[in-house]
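Here's a quick tour of the chain on your screen, written for someone who likes atom pairs and accessibilities. Pull up the view and follow along.

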Amino acid sequence: MTPLVRSATLTGFEQVARDLGLDARRLLQRAGLAERDLADPDTWISAEAVRELLESAARESGADDVGLRLAAQRRLGHLGPIALIARGEPTVRAALEAMTRFLRSYNDSVAVAIDED
């Protein structure tokens with residue numbers, strides 16, 4: 001089964017690409033994605049296509065921090081339903097545990113665990 005992520009993962013990509021002097025549409029097409037894939041944050045898209053998109057953007061721009069630039073565009077609300085669950089938790093720990101439990105509803109290519117030390 002191909003791992004999928006919500007297209008919300010790419011929120012802000014077009015702006016990041018513009019800031020780096022890149023053609024976002026061309027990069028999306030080359031990665032097998034379309035602009036319409038980004039229109040609805042709840043659309044599931046290929047995690048491999050997202051990886052290829054970010055690597056291509058980094059390679060073409062010479063900026064090895066494309067992923068960090070993209071992450072800086074995000075807010076808790078981009079996590080969709082997980083954000084609502086986390087906001088309702090009484091402690092930060094409970095919020096992190098809830099986010100860990102429900103992360104698959106956002107991105108099924110990532111596994112997260114909280115390890116106490």
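Keep in mind that this is a predicted model. Let's start with a charged residue: Glu60 is partly exposed, since its relative accessible area is 34%. Its partner is Arg30, and the two make a salt bridge whose closest N and O atoms sit 2.1 Å apart. Glu60 belongs to helix α4 (residues 47-61) and Arg30 to helix α2 (residues 24-30), so this pair ties together parts that are 30 residues apart in sequence. Arg30 counts as partly exposed too, because its relative accessible area is 46%.

**More charged pairs**

The chain has ten salt bridges in total. As a general point, side chains of opposite charge can pair when their charged atoms come close. Here are three of the pairs, with the N to O distance and the accessibility of each partner.

| Acidic residue | Basic residue | N to O distance |
|---|---|---|
| Glu60 (34%, partly exposed) | Arg30 (46%, partly exposed) | 2.1 Å |
| Glu52 (26%, partly exposed) | Arg59 (56%, exposed) | 3.6 Å |
| Asp65 (25%, partly exposed) | Arg69 (33%, partly exposed) | 2.8 Å |

A word on the last two rows. For Arg69 and Asp65, the side chains meet at 2.8 Å, N to O. Arg69 is partly exposed because its relative accessible area is 33%, and Asp65 gets that label at 25%. Which residues are joined into one network by salt bridges that share partners? They are Glu48, Arg51, Glu52, Glu55 and Arg59. Within that set, Glu52 and Arg59 bridge each other with their closest N and O atoms 3.6 Å apart. Arg59 is exposed, with 56% relative accessible area, whereas Glu52, at 26%, is partly exposed.

**The overall layout**

Stepping back, the chain holds seven helices and two strands. Reading from the N terminus, the elements go β-α-α-α-β-α-α-α-α. The C-alpha trace spans about 45 × 25 × 25 Å along its principal axes. There are 117 residues, and 34% of them count as buried. If you take contacts between residues at least 6 apart in sequence, 65% of them join residues at least 24 apart. As for the surface, the chain exposes about 7,100 Å², with carbon and sulfur atoms supplying 52% of that.

**Around strand β1 and the loop after it**

Arg6 lies in strand β1. Is Arg6 buried or exposed? Arg6 counts as buried, because its relative accessibility is 4%, and buried means under 20%. The side chain of Arg6 also makes a polar contact of 2.6 Å with the side chain of Asp42.

Ser7 is in the loop between β1 (4-6) and α1 (13-19). With 2% relative accessibility, Ser7 counts as buried. Its side chain reaches the backbone oxygen of Asp37 at 3.1 Å. Setting aside residues up to four places away in sequence, Ser7 touches Asp37, Leu38, Asp40, Pro41, Asp42, Thr43 and Ile45. So where does Asp42 turn up again? It is among the residues touched by Ser7, and its side chain is the polar partner of Arg6.

Moving on to helix α1, that's where you'll find Glu14. Glu14 counts as partly exposed because its relative accessibility is 30%. Beyond its neighbours within four places in sequence, Glu14 is in contact with Ala24, Glu35 and Leu38. Glu14 and Leu38 are 24 residues apart along the chain, and their C-alpha atoms are separated by 9.6 Å.

**Helix α7 and the end of the chain**

What about the inner face of α7? Ala94, Ala95 and Ala98 are buried in this helix. They lie on the same side of α7, because they cover an arc of only 100° around the axis. The buried residues of α7 pack against α6 (81-87).

On the surface, Val92, Leu96 and Ile114 form a nonpolar patch with about 280 Å² of accessible area together. Ile114 sits in the segment after α7 (92-102). At 42% relative accessibility, Ile114 counts as partly exposed.

Key
Residues are numbered from 1 along each chain as its sequence is written. This is a predicted model: local features need pLDDT of at least 70, side-chain atom pairs count only at pLDDT 80 or more; totals for chains, interfaces and linings use all residues. Side-chain values use heavy atoms; hydrogens and water are left out. Helices (H or I, at least four residues) and strands (E, at least two) are DSSP runs, numbered from the N terminus. Buried means under 20% relative accessible area, exposed over 50%, partly exposed in between (1.4 Å probe, protein chains only). A polar contact is a pair of N or O atoms within 3.5 Å; within protein, one must be able to donate a hydrogen and the other to accept it, and residues adjacent in sequence count only if both atoms are side-chain atoms. Contact means heavy atoms within 4.5 Å. Patches are made of residues with over 30% relative accessible area and no salt bridge: like charges are joined within 9 Å, nonpolar side chains (Val, Leu, Ile, Met, Phe, Trp, Tyr) within 5 Å. Accessible areas come from the Shrake-Rupley method with a 1.4 Å probe; for residues, only the protein chains shown count as cover. A salt bridge is a side-chain nitrogen of Lys or Arg within 4 Å of a carboxyl oxygen of Asp or Glu. The arc is that of the directions from the helix axis to the C-beta atoms.
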